[in-house]
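Student: I've got a predicted model open on my screen. Could you walk me through how its strands fit together?

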Amino acid sequence: MSELRLNAYHIMWLFVFFDLPVTTKIQRKRATKFRKYLEKDGFTMMQFSVYVRHSPSKESMEVHLKRVKSFIPPDGMVSILKVTGKQYSEIINYYGKEVQNNPEVPQQLEFF
């Protein structure tokens, strides 16, 4: 059995983009509940309707993907994007016209 070492191709990032209706009180409540579910599951807000979560493996990412699917509201649009740590490391963020450094990747524990 070969040993699988964790690297930037095995680490995964999960993005959730959403545009939920907030016209009625019940719609606002559902949108707030959805955001709170994301935060409870370890997602952080990247932009108002864009949340991101680091996962140390594809298997871990699949668990969180399944959770997100389970609490998607009945209306509105939710998009989910899965990327590798390598792909995420190529992100370029601008604040105004200034390039911002890439976000820090959480430390990965490795057991021998």
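Student: How many bridges join β1 to strand β4, and do they run parallel or antiparallel?

Tutor: Keep in mind that this is a predicted model. Find β4 at residues 77-84 and look across to β1; one pair to spot is F17 standing opposite S79 in β4. The two strands run antiparallel, and the number of bridges joining them is eight.

Student: And which residue in β3 does W13 stand opposite?

Tutor: Strand β3 covers residues 50-55 and runs antiparallel to β1, with six bridges between them. Start from M12, which stands opposite S55 in β3. Then go to W13, and the residue opposite in β3 is H54.

Student: What is the order of the four strands in the open sheet?

Tutor: We've seen β1 joined to β3 and also to β4. β2 (44-47) and β4 stand at the edges with a single partner strand each, so one side of each has no neighbour in the sheet. Pairing is antiparallel, and the order reads β2-β3-β1-β4.

Student: Is strand β1 largely enclosed or left open by the rest of the structure, and why?

Tutor: Count a residue as buried if its relative accessible area is under 20%. Of the eight residues in β1 (residues 12-19), six are buried, so the rest of the structure leaves this strand largely enclosed.

Student: Which strands does helix α1 touch?

Tutor: Helix α1 spans residues 25-40 and packs on the sheet. Its direction makes about 170 degrees with that of β1. The strands it touches are β1, β3 and β4.

Methods: Residues are numbered from 1 along each chain as its sequence is written. This is a predicted model: local features need pLDDT of at least 70, side-chain atom pairs count only at pLDDT 80 or more; totals for chains, interfaces and linings use all residues. Side-chain values use heavy atoms; hydrogens and water are left out. Buried means under 20% relative accessible area, exposed over 50%, partly exposed in between (1.4 Å probe, protein chains only). Two strands pair if DSSP finds at least two bridges between them. Contact means heavy atoms within 4.5 Å. Axes are lines fitted to C-alpha atoms, for helices over the stretch in contact, and angles run from 0 to 180 degrees between N-to-C directions.
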